[in-house]
Amino acid sequence: MESTTTMASTASSMNWAFKGAADKPPLYNAGIAQASQQNILLSALRRWQHLRTVKKDREPTPQGPQSGRQHSVAAGAQEALEKLSAACRGEVPGPILTFTKTVEVASASKRGDEVHFPTPLREQEFAAAIKALEACAATAIAELRYGTESKKIRVDTDKVSAFLMSAYLTTLDGMGKPDPRIKERIPDTDLNRAQSVLYRRMSANLYATKNPGEYFHIHGSLDADVTLEMLGLPKENPDMTDYRAIIDYIGSAVKQHTAAELDALNVTHRQAGIQALTWPQFQATPHGKALLDLPPLTVRPNPSDTHSTPPTPFPPFFSSPSPSPSPRFTLAGIKVLELCRIIAGPTIGRSLAAHGAQVLKVTSPNLPDVPFFQLDVNTGKHAVHLDLHSSSSQKDRATFAALLADADVLIDGYRPGALARLGYGPAYLADLARARGKGFVYVAEDCFGGSSDGSGGSGGSDGASAEEGASAGAAEWAARPGWQQIADCVTGVAFAQGQFMGLEGEPVVPPFPMSDYGTGALGSLAALVGLYKRATEGGSWVCRTSLCQYDVFLMGLGLLPETEQARLRRVHGAGDDGPEGGFFGLRHSDSVDEVGKRALASMRAVVPHLFEDGGALMQEAWSEGFQGVLRWPREAVEIDGLRVGHVRTARPNGWDKEAGWEGWEENEISETAAETEKF
């Protein structure tokens, strides 16, 4: 998500801040019975089904069997699928939900039924449920489109884990994310050196504040200058290169302020930052209350084109620019424009490409991005540079307008309202839809969620400011900028991780960008539902999801059983005297890079099959754009009679010089894992 708009500097924007340890309820209340969490989730589901009974004052407690019986990820995924389906019943049509009965969750390696990650969160189970429902939507579209009968859907739990850590498994000529040599092989999109210079990198990190027991995640986004300067620190500090010394240096500056003061600075300087809250604290905020009233995703009619355009049938299968032999892709011939950076938004496009859509990633040559992620989330796409913002970009805007005129889906991964101010919000798409007689599916992914369903980018008309939109029916923080770590901190996820690691009252950001990938999967599901509704009901559709909505549902599922948490602590080395204490030696101020590095080292020892497979989990092919062999995780789902997988390798941002929908190539990429190993 992009931090480009101004937040309203109002007193209400700071009323939420908790003042210190005295205000913090304990993470776990021994007086709350295990059944209370089940009541919370059931209440939330009733609310999501438009009943007005939800309890919001409980902390998630461990769920599931407490005996010695081994915890089953597959069983947990099936239960999560039932709850997700119930939560989304008002958004996802019945014909799609019908296919949940055909879902099988299993593991080709027979080792995917165990929890792989050192976390108490049900990440694998929730992600498997989302991918299963995504496959149900794809199957329903295929039945609508090709007249095929019901199909068996299989979700591989090992591949789900690979999906949740995709960037950490992807390699170019054997070089992965931590390899320093990889920088020479990838175009440098770190224009502001916010990633490559450690001192500047640590401007996005979690630190203790002036108040004891209070923590705040500052975030310099992709340009560290403003955050460092607002803390009274120099933008550059060439002599500061030691990891611990940098943490102490920046941490001491953060500790001069309370969370409320830091939030005021964030508002003034338009930065992405947030106080780390526990789950009960988040639920007590106006924004938390608003999100508890929302499902994890919404698919609503565009108010400017409810049903003024007729139902839009899917294009004939043979109209795909590169016809593929049977089995067929669900989304062959569907054209998608992706305006996103980093992980969550681009994951939506990558997933739609795996179902056969033509996904064209549009980035500005003047906006920074994280370089390595191009290897991962650009899979399956074409990628062009267009400058839609500057006054001298009329040619690029004309090119984009031509692309948009023939597109079916627009993915928006920037802050709510940013595209609307450029003239490409839902209201404009509805005008375009009416002019061409074919509806448009707009998919928005952001950090905080809670944007209204109006035709403007954030609740107002196209061109309105984010603040104006946020006041028109949106939740309190809907217009705020943010990233994965921000969502994990504000919703209580980080405090749950810290508790699991034995740090009472101290948050730690979980390993890997799992909420990023999970949110991307929710966005892909929403896009498929929007396309289904466009075909069956007509009109244009506004689809929304967010990192916080993902986290809210994740926390609502409850934590893993205590017996499983104890097993994870044991196998991942809690209490071991390794270097710096290994994974369990991490503290709140350790960077996401350090957390990921230690988690990866532990997982290589505990679940080596995720890293040593003979082709069941990973696939590889030559990338012309990167001039090397790319290796990346296979898709987590298989659908009988349908093709799921990518037909082109990743390429750098802006690599394709021609921006169009014709003449797209297909690379030689092996088919699904069914060829190498069956369930």
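In what order do the three strands of the open sheet stand, and with what pairing? In this predicted model, the order is 1-2-16 and the pairing is mixed. Strand 1 (103-106) and strand 16 (637-639) stand at the edges, and each has a single partner strand, so one side of each is left without a neighbour in the sheet. From one strand to the next, the twist averages 20°. Strand 2 (residues 153-156) and strand 16 run antiparallel and are joined by three bridges; V155 has V637 in strand 16 as its bridge partner. Packed on this sheet is helix 5 (residues 157-164), which touches strand 1, strand 2 and strand 16. The direction of helix 5 makes about 60° with that of strand 2.

Another set of strands can be followed by starting from strand 9 (residues 358-363), which is mostly covered, with six of its six residues buried. From this strand, Q358, L360 and V362 point one way, while V359, K361 and T363 point the other way. Strand 9 pairs with strand 8 (residues 335-339) in the parallel sense over four bridges, and here K335 has Q358 as its bridge partner. To get from strand 8 to strand 9, the chain passes through helix 13 (residues 344-354), making a right-handed β-α-β crossover. Strand 9 also runs parallel to strand 10 (residues 382-385), and four bridges join the two; in this pairing, T363 stands opposite H385.

Strand 8 also takes part in a salt bridge, through E338. Its partner is K381, and the closest N and O atoms are 2.6 Å apart. K381 lies in the loop between helix 14 (373-377) and strand 10, whereas E338 is in strand 8, so that the pair links distant parts of the chain, 43 residues apart. Both K381 and E338 are buried.

The salt bridges in the model come to 33. As a general point, side chains of opposite charge can pair when their charged atoms come close. One of these pairs is formed by D223 and R200, at 3.5 Å from N to O. Since D223 lies in the loop between strand 5 (215-218) and helix 8 (225-230) and R200 in helix 7 (residues 198-201), the pair ties together parts that are 23 residues apart in sequence. D223 is partly exposed, with a relative accessible area of 28%, whereas R200 counts as buried at 2% relative accessibility. Both belong to a network of salt bridges that links R193, R200, D223, D225 and E236. A further salt bridge joins D179 to R181, with the closest N and O atoms 2.7 Å apart; D179 counts as buried, at 17% relative accessibility.

Turning to the nonpolar interior, the largest core has 140 residues, and M165, L331, L352 and F512 have the most contacts inside it. Helix 4 (residues 123-146) supplies the largest share of this core, 15 residues. Leaving aside neighbours within four places in sequence, M165 is in contact with F117, F512, L600, M603 and F611. A second, separate core has 24 residues, including F400, A418, L429 and Y442.

Helix 22 (residues 547-556) is also mostly covered, with 10 of its 10 residues buried. Among them are L547, Y550, F553 and M555, together with the polar or charged Q549 and D551. Just after helix 22, G558 takes a positive phi of about 85°.

How values were computed
Residues are numbered from 1 along each chain as its sequence is written. This is a predicted model: local features need pLDDT of at least 70, side-chain atom pairs count only at pLDDT 80 or more; totals for chains, interfaces and linings use all residues. Side-chain values use heavy atoms; hydrogens and water are left out. Buried means under 20% relative accessible area, exposed over 50%, partly exposed in between (1.4 Å probe, protein chains only). Two strands pair if DSSP finds at least two bridges between them. Axes are lines fitted to C-alpha atoms, for helices over the stretch in contact, and angles run from 0 to 180 degrees between N-to-C directions. Contact means heavy atoms within 4.5 Å. A crossover is right-handed if, with the strands pointing away from the viewer, the path from the first strand over the helix to the second runs clockwise. A nonpolar core is a set of buried Ala, Val, Leu, Ile, Met, Phe, Trp, Tyr and Cys residues joined through side-chain atoms within 4.5 Å. A salt bridge is a side-chain nitrogen of Lys or Arg within 4 Å of a carboxyl oxygen of Asp or Glu.
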